[in-house]
Amino acid sequence: MSDQAVKPYQEFVIPASLVTKADISRLVNEVERIDNELTTAAVRKDVGAAEQAHPTTSEQLADFLTQNALSLDDERARGELIKELRLLKEKAPVVHMTFAVTADGESLRQLAQWLRASTHPQAVIEVGLQPALVAGVYLRTPNHVHDLSLRALLKNGQGKLVEELETLRGRQ
């Protein structure tokens, strides 16, 4: 982020390690924390205090910075980055996915990658839990609802199942 401006949030590449809207929120908080630490370190340096170690970054932030060719060295650029990340957090398309059991992190990463490749490059997932689903997923976007659960599949095929059972009873 030397002399060039930070690109707008719409152009950010979201790494696979950022899956949920909460991950984006943590990213914003981490960049804000680092900005505060670096600003404090600059002020301390100006008054002659000993230099502090460079703040550490999470793997998620490191991935984000690498994939977007960004650096946190310039104070003005950090401020713009924070502004754009806040916009991303607010505007990123959210897909609500409700599962019967808790989904593991790797599965969620794969789902997020698939969503980004097939629907929107900045899509994030909001995960819910509903044991009554039995199996599958209940998927909700701002304008669509898809019940991809075993319960819905059985309910939709109930007539066919009853016919098959009646046919079996008739054979005996």
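A residue is called buried when its relative accessible area is under 20%, exposed when that area is over 50%, and partly exposed in between. In this predicted model, Phe12 has a relative accessibility of 2% and therefore counts as buried, since the cut-off for that class is under 20%. Phe64, with a relative accessible area of 0%, is buried as well. For the chain as a whole, which has 172 residues, the share that counts as buried is 31%, while the accessible surface comes to about 10900 Å², with 53% of it belonging to carbon and sulfur atoms.

The secondary structure of the chain consists of 6 helices and 4 strands, and these elements follow one another from the N terminus in the order α-α-α-β-α-β-β-β-α-α. Among the contacts between residues at least 6 apart in sequence, 72% join residues that are at least 24 apart.

One such contact joins the two phenylalanines introduced above, for Phe12 is listed among the residues that Phe64 touches beyond its neighbours within four places in sequence. The structure holds 1 aromatic pair. In this pair, the ring centres of Phe12 and Phe64 are 5.1 Å apart and the ring planes stand at 75°, so the arrangement is edge-to-face, given that planes over 60 degrees apart are assigned to that class. Because Phe12 lies in the segment before helix 1 (21-46) whereas Phe64 lies in helix 2 (residues 59-67), the pair ties together parts of the chain that are 52 residues apart in sequence.

The surroundings of Phe64 extend beyond its aromatic partner. Again leaving aside neighbours within four places in sequence, Phe64 is in contact with Val13, Pro15, Leu18, Leu27, Leu70, Leu81 and Leu85 in addition to Phe12. For Leu27, the separation from Phe64 is 37 residues in sequence, and the C-alpha atoms of these two residues are 8.9 Å apart in space.

Both phenylalanines also belong to the largest nonpolar core, which has 24 residues, and within this core Phe12, Phe64, Leu81, Leu85 and Leu88 are the residues that touch the most other members. Helix 1, helix 2 and helix 3 (75-91) each supply at least two residues of this core, and helix 1 gives the most, with 6 residues. A second core, separate from this one, has 11 residues, including Val95, Ala112, Leu115 and Val137.

Note on methods: Residues are numbered from 1 along each chain as its sequence is written. This is a predicted model: local features need pLDDT of at least 70, side-chain atom pairs count only at pLDDT 80 or more; totals for chains, interfaces and linings use all residues. Side-chain values use heavy atoms; hydrogens and water are left out. Rings of Phe, Tyr and Trp (its six-membered ring) pair if their centres lie within 6.5 Å; planes under 30 degrees apart count as stacked, over 60 as edge-to-face and the rest as tilted. Buried means under 20% relative accessible area, exposed over 50%, partly exposed in between (1.4 Å probe, protein chains only). A nonpolar core is a set of buried Ala, Val, Leu, Ile, Met, Phe, Trp, Tyr and Cys residues joined through side-chain atoms within 4.5 Å. Contact means heavy atoms within 4.5 Å. Accessible areas come from the Shrake-Rupley method with a 1.4 Å probe; for residues, only the protein chains shown count as cover.
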